[in-house]
Amino acid sequence: MEKIKLGSKPMIYPMPVALVGADVAGKPNFMTIAFIGIVNMSPAMVAMGANPSHFTCKGIVKNKTFSVNLPSVKMLKVTDYVGLNSGEKKNKSELFKIFRGKTKTAPMIEECPLNLECKLVKKLTLGGTDEIYIGEIIETYCEEKFMTDGKPDVEKMGTYVFTMHDNRYFSLGKMIGKAWSDGKKYKI
Ligand SMILES: Cc1cc2nc3c(=O)[nH]c(=O)nc-3n(C[C@H](O)[C@H](O)[C@H](O)COP(=O)(O)O)c2cc1C
């Protein structure tokens, strides 16, 4: 077996695709984020790596709130558009229907099947291109039509994933197993 060394690369395959929102200069603004994931169970927390020069980051730092919105496959083009254009130059405040929750300053996207309303708890500077924004998820929103037995159902939501460097989006495949369960059948 010969492994080819690819260098120091941010290669977790695949990555999620999220629209992260904040109010900037009194208007909702969104950025597309792939460097994002859950980092604490209780209280529920999310961490994202983002370049602090992004327009959205200015609003996150000012208001100490932000939203994480998971788009469906139907929203692929608009989500890519959000990632190609900065609110510094293009007004992205009219792209989506907005709703607000407890914080009032974290704009959330109605069209997205799942929305996380977050309070910024920490910002970490790593000395590289990006900073880490850690948010406590203070509320989660999902429509009944995207749920099964009271839980968000990825097959109904139609969320999708991304691979970096080759810049491709993929829809999700079929369910292939049950977590905390299939391992019990593993024979050593
Ligand atoms: C698929 C995709 C994933 C992206 N992921 C990230 C990311 O994880 N971190 C980041 O800083 N920028 C990421 N970007 C770039 C920002 O979304 C982009 O610079 C955006 O225009 C920033 O918008 P704003 O200046 O209005 O905040 C991504 C873009 C795309 C298309």
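User: In this predicted model, which residue in β10 does methionine 45 stand opposite?

Analyst: The model is predicted, and in it β5 and β10 pair in the antiparallel sense. Six bridges support that pairing. Within β10, the residue opposite methionine 45 is glutamate 136.

User: Over how many bridges do β9 and β10 pair?

Analyst: Strands of a sheet pair through backbone hydrogen bonds, in either a parallel or an antiparallel sense. For β9 and β10 the sense is antiparallel. One example is lysine 122, whose bridge partner in β10 is isoleucine 134. The number of bridges over which β9 and β10 pair is 11.

User: Which residue takes a positive phi in the hairpin of β9 and β10?

Analyst: The hairpin of β9 and β10 has five residues between the strands. A positive phi near 80° occurs in this hairpin, and the residue that takes it is glycine 127.

User: Which residue has a positive phi although it is not a glycine?

Analyst: Most residues other than glycine have a negative phi. An exception is found in the loop between β13 and β14, the place of histidine 165. With a phi of about 80°, the residue in question is histidine 165.

User: What is the order of the strands in the open sheet of three strands?

Analyst: The pairing in this sheet is antiparallel. Its edge strands, β1 and β14 (168-171), each pair on one side only. The order is therefore read from one edge strand to the other, strands being numbered from the N terminus. That order is β1-β13-β14.

User: Which residue in β13 does proline 16 stand opposite?

Analyst: β1 and β13 run antiparallel and are joined by two bridges. Across from proline 16, the residue in β13 is valine 161.

User: What is the omega of the peptide bond from serine 42 to proline 43?

Analyst: Most peptide bonds are trans. The bond from tyrosine 13 to proline 14 is cis, with omega near -10°, and proline 14 lies in the segment before β1. Proline 43 lies in the loop between β4 and β5. The bond that leads to proline 43 from serine 42 is also cis, and its omega is near -5°.

User: Which element gives the largest share of the lining of the largest pocket?

Analyst: About 630 Å³ of space lies in the largest pocket. The elements that give two or more residues to its lining are β3 (27-33), β5 (45-50), α1 (55-63) and α2 (76-84). The largest share is five residues, and the element that gives it is β3.

User: How many residues in the lining of the largest pocket are charged?

Analyst: The largest pocket is lined by 31 residues, and those nearest its centre are Thr32, Ile33, Ala34, His54 and Gly83. The lining includes 14 nonpolar and 13 polar residues. The number of charged residues in this lining is four.

User: How many residues in the lining of the second largest pocket are nonpolar?

Analyst: The second largest pocket holds about 510 Å³ of space and is lined by 24 residues. Pro16, Ile38, Leu70, Leu114 and Leu116 lie nearest its centre. Four residues of the lining are polar and none is charged, while the number of nonpolar residues is 20.

User: Which element gives the largest share of the lining of the second largest pocket?

Analyst: Several elements give two or more residues to this lining, including β1 (15-16), β4 (36-40), β6 (65-70) and β13 (160-163). The largest share is four residues, and the element that gives it is β4.

User: How far from an oxygen atom of the ligand does a backbone N or O atom of glycine 87 lie?

Analyst: There are 22 residues around the ligand, and Thr32, Asn51, Thr56, Ser86 and Gly87 come nearest. A backbone N or O atom of threonine 32 lies 2.8 Å from an oxygen atom of the ligand, and one of glycine 49 lies 3.1 Å from a nitrogen atom of the ligand. For glycine 87, the distance to a ligand oxygen atom is 2.6 Å.

User: What percentage of the ligand's accessible area does the protein cover?

Analyst: On its own, the ligand has 650 Å² of accessible area. The part of this area that the protein covers is 85%.

Terms used
Residues numbered from 1 in each chain as written. Predicted model: local features only at pLDDT ≥ 70, side-chain atom pairs only at ≥ 80, totals over all residues. Heavy atoms only, no water. 1 Å grid on protein atoms, 1.4 Å probe; cavity = no way out; pocket = protein on both sides within 12 Å on 5 of 7 lines; lining within 4 Å. Points joined across faces, edges and corners; volume = space filled by probe spheres on them. Nonpolar A, V, L, I, M, F, W, Y, C, P; charged D, E, K, R; others polar. Pairing = 2+ DSSP bridges. Near = heavy atom within 4 Å. Polar contact = N/O pair within 3.5 Å; in protein donor to acceptor, adjacent residues only side chain to side chain. Areas by Shrake-Rupley, 256 points an atom, 1.4 Å probe, with all protein chains shown as cover.
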